[in-house]
Each structure stands twice: as structure tokens, then as C-alpha cells.
Amino acid sequence: MKRRAGTREKKEAKKQKLLEELGESWLPYLTPRDAEFHQLWKTAYSKLLLRKADKIPQELHHIVQEAFLTLQKHDCFFQDLVRIKGKDFLTPVSRILIGNPGCTYKYLNTRLFAVPWPMEDYEIKYCHPELFTACKALIKLNDYLTTEAIQALQEQNLSGTKETEGTAVTDRERDFSNFIMGSLLEDQSSLYTPRNDCTNLKYRTSYNLTLLNYMDPLQMPYLKQEPYFRMGNMAVSWHHDENLVERSTVAVYSYSCEGSESDKVNEQDVEGRDPADWHVGLKVAWDIKTPGLAIPLHPGDCYFMLDDLNMTHQHCVLAGFQPRFSSTHRVAECSTGTLEYIFGRCEVALQNLQVDSDSAALSLKSLEVQVVKEVEEIHNETSLVLGEVGKGERTMEQRNEIISCFLPLLTERQELRKEWTARCQCQLAMSLPEEQKPKCHPLWKDDDPSMPLPYDLEEVIANLQTLLE
């Protein structure tokens, strides 16, 4: 809790410092209409790769776009209730997480559980055949993007090697269409992966889930304005993608619905980006010297954030006029976020539990500090620990050592419970349809006599603190 809060405070401090340095001025940014655009992309944003729609198989476009519409027809997209700076918000973008069975993804203090896509060795039942077809299309897109990402990283590493050796690249510099397919590695933090390290490349491109997004800008009562460059309406604010495997590639397929001619804006009348088109905006993190980029996204375009770009840069999504879907494929850090992991941890906790064969009474096998700490982190046996500590069989030194071990864990648990209970009871949460409301664990409630608490956690903490005094 304290570490996460500290990180948020540091980011907020950086943001405020940046805004203070800007004052009333705006940072410059470039679009494809600017003469320096391609050169800036090459030198400051070379790990952002764009794949135009006409370079992607037409059949893949067809099944993926049909999948988007199918999921929308079956009401699968929902706004997420997220928490930012201690306040709850509904995201302007509606989302659904689809991926490997059992995977979860956490962002902005909200954990999403993946709808599984079809995989071998898993028997997955869908409530409608059309949803099976949609999920199958998305795993095909996932496979395609994985292959493309591996190839892009291999080309990037090769480009870096050639540049080090002094090989001329003037032809590629002249041809921007080739440049965006295999851009040179000239970023600020270039740590090359060895060319023959195929295992590492596959690990950083093995997408285990996709976060799908949908938004119709014209249906939104308000969209936040981009604060640094004056880029216009934002669908998604500046951010780094969270909870990913380090230096893993993020791949995004973008599909904005076709608009009418009346939606088009005369480019000669527009300063900066065309507000009718969706864009991805990029900037170097916490930097006011390097101009930003606004790259237009046309229906079916894909872009890849390669290597450490997601760590060294920030990106945002700038809204156009038309509704837009996107599929954002990620290598999520799932070592502690899967159902399999959770079940495994419960098994570890239960190994310290024993049952008396005569009375069926529960007791603990061990009260060693490390065992207690692990069990408390898993949170399965708290009341039994308290009972054991209360017995007179232990010296004061032993008792204090055990209490000092798990008291901070109990305190953190209580803080998390309070925070989640407040989120469940906030006005935004209560306004959601019943099936979308976040659930508060019934054992945390003290206003329901039919669900008595096994113990009052606040009272326990107070008593333990007294024992240590």
C-alpha cells in the first residue's frame, strides 16, 4: 500500500512540476503534415512501429472487425470503475478483457478477469456460438501480432548492429514506408537484445491477453482535453501501460468506423492534428524539450510499442469523430494474478492446518515467524493464529516476535478492506446496473446480523498494539 502510494505521489509531483515549467505555454508536437515529422519519429520515437491496414491480410480484418461488432451486439463492453488519486471514476472507454484461461489484468486499482479465448487442453463453454467465433478471431489476431512483433524486434536488433558497424542506411531514410516497417534503433535507452536470443524475443511477445476498448465520442458528455500539447479531446490520458512483463511489446489493432464526407475536416483550416481522425499521441516521459507526435490511425491500422518504449515514453489516445474499437495485446505479468496461482497459495496455507481426529478442532502445525508471515500474507488462518498467541505456553519474547510479524499485515488488510468497501458503496458504484456493481465480501459487513464477523479486525489490531506496548 505505502509503496504504491509513494509511486503515485512521485508521478503526481512530476506532473505538477512539468505543468509549472510550462506555465501558460504549450509544448510543440508534430503530425505527418510537418516536414520534420519523419525525422523526429526516427530519432526520438523509433521504437514505435506502424503497420498500415493495407499491409495486413484482408481476411484477418474481416473476422476481427466482425468480432468487435459481435461483442458489442451481445453487450460485452463495460465501463470500468477505477480509482485515481483516491477518487473513483468510470472510464470513458468501455472494455472487455479476453485472453488465456485464468489470466487477470490490473490497472488503476481495478482487476479485470479474462474471458477465455479458445485454447487446446481447455474445455471452454460460451453462452452463444457467436461469442466463440469472436474469441477465436481474436486469438488469430493475437497469433498474427505475435509473429509480426518478433519479426520487428529482430529487424530492429539487426538495424542496431548495422548502425554500430557504420553501415549506410540512406535508402531506408528516404523511404518512409520502409522506415515505419523496420525503424532504426536510435532511442535514448538502447539496450539491445542479442540477435540470436530467440527465447527472450518470444517471451517478450507472447501475448497472453488483449484488452478491448470501445468508445463513441459523440455519445460522451465530456472528454478531457490534452494538457501539454493542446492536441484536443482525449479518449485515454497520458500513461504507461501497467503490470506488463518488463520490456515486452504492446501491439494495438485499431478500427474506427467509417464516417461520412460531412465528418471530414479541411486540413488547410486545421492547425495541428485533424480532430476528425483518431490518433495515438506519444511523448518522452517527463520531458519538455522533445516535441510530441500525433500519429493518425485509420481503420485497420496496427501499431507496436517495441522493447522499452512503454517505460521511457508515455502515450495517449486522441479521439476522432467516429466510434472506435481497439484490441490491445499485452504480455501481462501474471505470476501472482491467475486463478491457478491463487489456488496454489491456498494449498500452501492449508498445509499448516491440522484437524484433531477426535474433536475435529482446528489448530496450526507451526508458529515459526516465517510460516506465520507466509500464512498471513495468504490470509487463510488469522483467527487461529490469534488463538495460539493468546495461550500461555509462549514466552513474552516469542509472543511479541509473532505479533510484530503479522500486525503490519493485519493493518494493511484492514486498510484494503476499508478502501474496497468505500468503493463498493460510492455513488458511481451504486448507479451501475446490478450485474456490474462491485461486490463487497459479506464477512466484512457489520450491519447484517445474519453474517456475523468471525472477529473484529480493528479491535484485534488495537489489542495487539496494546500487548506490544
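A contact means heavy atoms within 4.5 Å. The exercises below apply this to a predicted model.

**Exercise 1.** Determine what share of the contacts between residues at least 6 apart in sequence joins residues at least 24 apart.

*Solution.* Begin with the chain itself: the protein has 14 helices and 17 strands, and 45% of its 469 residues count as buried. Next, take the contacts between residues at least 6 apart in sequence; 75% of them join residues at least 24 apart.

**Exercise 2.** Establish whether Glu-148 counts as buried or exposed, and which residues it touches beyond four places away in sequence.

*Solution.* First, locate Glu-148 in helix H4 (residues 129–164). Second, apply the cut-off: buried means under 20% relative accessible area. Glu-148 has a relative accessibility of 12% and therefore counts as buried. Third, list its contacts, leaving out residues up to four places away in sequence: Arg-51 and Phe-304. Finally, consider the pair Glu-148 and Arg-51: 97 residues separate them in sequence, while their C-alpha atoms lie 9.5 Å apart.

**Exercise 3.** Compare the expected span of helix H12 with the distance between its end C-alpha atoms, and locate its bend.

*Solution.* H12 covers residues 396–425, which is 30 residues. The expected span is 1.5 Å times one less than the number of residues, so H12 should span 44 Å. The end C-alpha atoms are 42 Å apart, in agreement with this value. The helix bends by about 30 degrees at Phe-406, with Pro-408 following within four residues.

**Exercise 4.** Identify the residues that form the nonpolar surface patch of about 220 Å².

*Solution.* The patch is made by Ile-84, Phe-89 and Leu-108. Of these, Ile-84 belongs to strand S3 (residues 78–84) and is partly exposed, at 33% relative accessible area.

Methods. Residues numbered from 1 in each chain as written. Predicted model: local features only at pLDDT ≥ 70, side-chain atom pairs only at ≥ 80, totals over all residues. Heavy atoms only, no water. Helix = DSSP H or I, 4+ residues; strand = E, 2+ residues; numbered from the N terminus. Buried < 20%, exposed > 50% of the residue type's maximum accessible area, 1.4 Å probe, protein only. Bend = angle between axes of the 7 residues up to and from the residue. Patch = residues over 30% accessible without salt bridge, like charges linked within 9 Å, V, L, I, M, F, W, Y side chains within 5 Å. Areas by Shrake-Rupley, 256 points an atom, 1.4 Å probe, with all protein chains shown as cover. Salt bridge = Lys/Arg side-chain N within 4 Å of Asp/Glu carboxyl O.
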